[in-house]
Amino acid sequence: MVRFGGCGRFLWNALLAEQNEEYREYMEEIESRLTWGEAKTADEAAELTVKPTLAKFTFTNRLKSLKAGHPFLNECHSQVLQQKSLDLYQAFRNSFERLKKHEAPGFPVFKRKGRSSDSFRYPQGFKLDERNSRVFLPKIGWVRYRNSRHLPENSRPKNLTVSHSADGWYMSVQFEFANTPKVTAPDLHAASGIDMGVVWFLTLSDGTHQESLTRFLAPAEHKITLLQKKISRAQKGSHNRERLIRKLSLLHKHKADLRHDILHKLSSKLVKNHDLICCEDLQIKNMTRSAKGTALNPGRSVKAKSGLNRAISNEAWGEFLRELEYKLTLKGGLLIRVSPKNTSRKCPVCGHVSKDNRQTQDTFCCVKCGYTENADVNAARNILRAGLARLASQVNHIGGQQEEPAEDLPRDR
């Protein structure tokens with residue numbers, strides 16, 4: 001497994017280096033045409049130059065030459081290497097899609113031994129023997145495993161991924177099965193709005209609060225901090241430092257497992273009790289952007305913003321909403337995302353919007369009608385009302401009607 005992971009890492013780096021070299025030569029040729037006067041503008045020079053292109057099997061077609069030059073690649077299963085080349089193509093494709101959306105491209109980078117997770121995927125050819133808790137991996141053989149859960153009945157395994165973590169090797173099986181949603185039409189009276197926060201992880205529109213994950217992760221974070229101090233004092237290259245680094249990796253994995261356990265349990269509970277959930281369409285990347293600024297224009301309250309960014313990242317809002325969405329989809333429910341604008345400043349009784357309505361963190365008091373409520377509960381209710389209004393407008397648009405949303409929906413939901 002270590003050799004398979006190493007072969008995949010080497011193949012990724014070799015193919016990425018070839019692609020980067022082709023693009024570098026392309027840019028040098030454009031610069032050369034501009035220098036020697038063959039073209040007046042960069043666009044004209046680009047038209048005269050053959051641009052390197054990427055197709056689905058561009059990297060796969062280069063495997064034969066790489067195997068000829070590096071015989072150790074023949075030790076690895078051919079389909080594992082083909083899948084790794086397709087993964088690199090998909091990584092480039094994702095980068096181009098982000099460029100089209102004017103986002104940070106995040107181009108593929110080189111993988112370093114010990115700094116990246118060694119993993120490989122079998123698209124076919126593997127055999128699962130759940131009764132005896134073993135799996136057949138081509139060119140490796142039968143391997144025992146501890147089964148975390150059984151595959152659903154009448155399901156068909158599609159591919160198998162083996163990955164290395166801090167405490168051993170794991171495998172995940174992607175399978176195909178016929179999904180019959182339990183819900184055909186979401187129950188609007190069982191709908192709920194959620195407001196994400198740092199003091200409280202989330203607040204439901206019925207007034208229920210969920211504690212911040214910081215309380216559950218604090219013991220693991222404290223151990224990580226103490227261990228990092230020990231590592232900083234250890235001599236580089238020593239066996240003691242390597243031992244401490246392995247221990248630190250286990251602590252980080254323990255912390256991640258704790259977080260995933262809490263998020264899965266909470267999302268499953270919400271999906272079980274609600275068919276329709278409304279949440280804010282949060283731009284988490286923008287919310288956690290650094291406030292340092294530049295040397296000419298330094299930022300303000302950098303330390304406080306850094307602490308807030310760390311707290312938001314620690315809560316893992318994006319992962320929680322992702323789990324919530326796919327579980328609702330399997331059930332047949334809906335997750336509606338609404339704009340977070342003024343959700344914490346709007347009065348649900350009179351509709352007045354003002355920043356003075358929320359002068360403290362936990363209290364909402366309308367300056368116009370005097371309505372008072374917990375700030376997070378009020379925001380969750382505004383989110384729910386906005387989500388229901390959006391759903392009603394979409395239904396009316398599809399049905400060709402222009403009716404107003406129903407007014408008999410309870411205001412406290």
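Visitor: What makes up the lining of the second largest pocket, in terms of nonpolar, polar and charged residues?
Guide: In this predicted model, that lining divides into six nonpolar, seven polar and six charged residues. Nonpolar here means Ala, Val, Leu, Ile, Met, Phe, Trp, Tyr, Cys and Pro, charged means Asp, Glu, Lys and Arg, and the others, Gly among them, count as polar.

Visitor: Which residues lie closest to the centre of the second largest pocket?
Guide: The second largest pocket holds about 670 Å³, and of its 19 lining residues, G114, R115, H164, R246 and S249 are closest to the centre. Helix α6 gives the largest share of this lining, with seven residues, and β5 and α6 each supply at least two.

Visitor: What makes something a pocket here?
Guide: A pocket is an open set of points on a 1 Å grid over the protein atoms alone, where a 1.4 Å probe fits and protein lies on both sides within 12 Å along at least five of seven lines; a lining residue has an atom within 4 Å of a point. The largest pocket has about 1,700 Å³ of space and is lined by 39 residues, with S148, R149, M171, S172 and V173 nearest its centre. That lining contains 18 nonpolar, 11 polar and 10 charged residues. At least two residues each come from β3, β4, β5, β6, α6 and α9 (317-331).

Visitor: Helix α6 lies beside α5, I see. Why is α5 called roughly antiparallel to α6?
Guide: The axes of α5 (residues 213-233) and α6 (residues 239-273) come within 10 Å and cross at roughly 170°. Angles over 145 degrees count as roughly antiparallel, so α5 earns that name relative to α6. The residues of their contact are 14 nonpolar, three polar and seven charged.

Visitor: How do you know that β5 and β6 pair?
Guide: Pairing needs at least two DSSP bridges, and nine bridges join β5 (residues 156-165) to β6 (residues 168-176), which run antiparallel. One example of a bridge couples N159 with Q174 in β6. A hairpin through two residues joins β5 to β6.

Visitor: And what joins β1 to β5?
Guide: Four bridges link β1 and β5 in the antiparallel sense; R121, for instance, has T161 of β5 as its bridge partner.

Visitor: What makes β1 and β6 edge strands?
Guide: The open sheet has three strands in the order β1-β5-β6, with antiparallel pairing. Both β1 (119-122) and β6 pair on one side only, which puts them at the edges. From one strand to the next, the twist averages 15°.

Visitor: Why is S133 called partly exposed but K139 exposed?
Guide: Buried means under 20% relative accessible area, exposed means over 50%, and partly exposed is in between (1.4 Å probe, protein chains only). S133 has 24% relative accessibility, so it counts as partly exposed. K139 has 53%, so K139 counts as exposed.

Visitor: What is notable about phi at S133 and K139?
Guide: Most residues other than glycine have a negative phi. S133 has a positive phi of about 55° although it is not a glycine, and K139 likewise has a positive phi, of about 70°. S133 sits in the loop between β2 (127-129) and β3 (134-137), while K139 is in the loop between β3 and β4 (141-144).

Visitor: What should I keep in mind about the numbers and the model?
Guide: Residues are numbered from 1 along each chain as its sequence is written, and side-chain values use heavy atoms, with hydrogens and water left out. Local features need pLDDT of at least 70 and side-chain atom pairs count only at pLDDT 80 or more, whereas totals for chains, interfaces and linings use all residues.

Notes: Axes are lines fitted to C-alpha atoms, for helices over the stretch in contact, and angles run from 0 to 180 degrees between N-to-C directions. Angles under 35 degrees count as roughly parallel, over 145 as roughly antiparallel, 65 to 115 as roughly perpendicular and the rest as oblique. Grid points are joined across faces, edges and corners, and a volume is the space filled by probe spheres set on the points.
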